[in-house]
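Q: I'd like to learn how to read a structure like this one, feature by feature. Can we go through it together?

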Amino acid sequence: MTYIDYLNGFNQWLEQADSPTDKAIILYYGLLNTFNRRGWPRWAGVDTQQLMMLVRVTNKPTAFRARDALVEAGLIEYKPGRKGKASEYRLLKFGNIKRTENATENVTRNVTQNVTEDATENVTRNVTQNVTEDVTKNVTEDVTKNVTENVTPNKTKIKDEDKLLTTTTRTCDEGLGRVMSAFLDKINPTPSQDSIDLLKGFCEEMGAEVCLAAIDKALDAGSDKRNWNYIRGTLRSLSRQGVKCLADWKKLDEDWRKSKTYGPDGPKPRYKSKVPYGSAGQGPLGEFEQAALDRMLERVKEGDAT
């Protein structure tokens, strides 16, 4: 599952959940961000102090209750730590989460974990090698028309599209993951589904670098601008002006600066003098003005002598 899959799955789960606590919601977003920062390991170590920081509390019981609520809901798995080693956490896929009685939930979770974790390379290799052509033919012949219509209406086209989609999806997910990580860390740790969808759309339209730059712009603009409304306004303005990448934004900014500095006839003057150059008070004097000044000084000297 990708970063956005976990976000969408959790938000959909919230719509059906039975009054989950705010602390449990904050902890899940914090764990999701932790896994993203560490490169999506299978298990992530989180000690008690880190757990309290993720929940944003200063007492252990509240943090433990938030963790237990996620475990009971089947959203995470938890291995207690021991001296010198932090507790370990694992995000569970939403396809494995079922709202049934506790016994059924435990059985489903255990079976899923055992099948996934205990499947070794040797088992996979043996199964692959032992599949004969006869078995392959029988499986192919037993596929019904309904399955064929639903799964492979056009095998060649789907294979080509899957290759392109896989490459594009991987690139988009990596960029979107960086955008969502920055947004959760610096702007809002508990975003709404609408803001996630809009941010995803902007990321697909203009690229992750533009979205990250918009977040940085909000941070530089001051605490009153450090919010989703300011970032959304910036991205909407860029979208209306046809920006598709960070280079477009830089060019747009350069053009705006030039419009403030240059006019149709060249560079704009910094100021306009009200006194013509060469008159009293500005620049060197002309010959006529210098001669008049010399005569004035001579009269002053003669007056002083008498």
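Q: Let's start with one residue: is Asp-255 buried, partly exposed or exposed?
A: The general idea is to look at relative accessible area: buried means under 20%, exposed means over 50%, and partly exposed is what lies in between (1.4 Å probe, protein chains only). Asp-255 has 37% relative accessibility, so it counts as partly exposed. Before going on, keep in mind that this is a predicted model, where local features need pLDDT of at least 70 and side-chain atom pairs count only at pLDDT 80 or more, while totals for chains, interfaces and linings use all residues. Residues are numbered from 1 along each chain as its sequence is written, and side-chain values use heavy atoms, with hydrogens and water left out.

Q: Which residue forms a salt bridge with Asp-255?
A: A salt bridge here is a side-chain nitrogen of Lys or Arg within 4 Å of a carboxyl oxygen of Asp or Glu. For Asp-255 the partner is Lys-251, with the closest N and O atoms 3.1 Å apart. Both residues sit in helix α13, four residues apart, or about one turn of the helix.

Q: How are helices assigned, and how many helices and strands does the chain have?
A: They are DSSP runs, numbered from the N terminus: H or I over at least four residues for a helix, E over at least two for a strand. In this protein chain that comes to 14 helices and five strands.

Q: How many salt bridges turn up in the whole structure?
A: The search finds seven. One of them pairs Arg-178 with Glu-209, where the closest N and O atoms are 3.0 Å apart. That pair links distant parts of the chain, since Arg-178 is in helix α9 (residues 155–186) and Glu-209 is in helix α11 (residues 208–220), 31 residues apart. Arg-178 has a relative accessible area of 44% and is partly exposed; Glu-209, at 40%, is partly exposed too.

Q: Which residue does Lys-244 pair with?
A: Lys-244 forms a salt bridge with Glu-205, and the closest N and O atoms are 3.7 Å apart. Distant parts of the chain are linked here as well: Lys-244 is in the loop between α12 (228–240) and α13 (246–261), Glu-205 is in helix α10 (residues 193–206), and they are 39 residues apart. Lys-244 has 48% relative accessibility, so it counts as partly exposed, and Glu-205 is partly exposed with 30%.

Q: What about the inside: which residues have the most contacts in the largest nonpolar core?
A: A nonpolar core is a set of buried Ala, Val, Leu, Ile, Met, Phe, Trp, Tyr and Cys residues joined through side-chain atoms within 4.5 Å. The largest one has 55 residues, and those with the most contacts inside it are Tyr-28, Leu-31, Ile-231 and Leu-235. Helix α2 (residues 22–37) gives the largest share of this core, eight residues.

Q: What does Ile-231 touch?
A: Contact means heavy atoms within 4.5 Å. Not counting residues up to four places away in sequence, Ile-231 touches Phe-183, Ile-187, Ala-214, Ile-215 and Ala-218. Ile-231 lies in helix α12, and at 0% relative accessibility it counts as buried. The C-alpha atoms of Ile-231 and Ala-218 are separated by 6.3 Å, although the two residues are 13 apart along the chain.

Q: Is Arg-67 buried or exposed?
A: Arg-67 has 9% relative accessibility, so it counts as buried. Its place is in helix α4 (residues 60–72). Leaving out residues up to four places away in sequence, Arg-67 touches Leu-27, Leu-51, Ile-76, Tyr-78 and Tyr-89.

Q: Why is there no bond between Cys-203 and Cys-211?
A: A disulfide is a covalent bond between the sulfur atoms of two cysteines. The cut-off used here is a pair of cysteine sulfur atoms within 2.5 Å. The sulfur of Cys-203 is 4.9 Å from its closest cysteine sulfur, in Cys-211, which is too far for a bond. Across the whole structure the search finds zero disulfides.

Q: And on the outside, which residues make the nonpolar surface patch of about 340 Å²?
A: Patches are made of residues with over 30% relative accessible area and no salt bridge: like charges are joined within 9 Å, nonpolar side chains (Val, Leu, Ile, Met, Phe, Trp, Tyr) within 5 Å. Accessible areas come from the Shrake-Rupley method with a 1.4 Å probe, and for residues only the protein chains shown count as cover. This patch is made by Leu-293, Met-296, Leu-297 and Val-300. Leu-293 is in helix α14 (residues 287–305) and, at 33% relative accessibility, counts as partly exposed.
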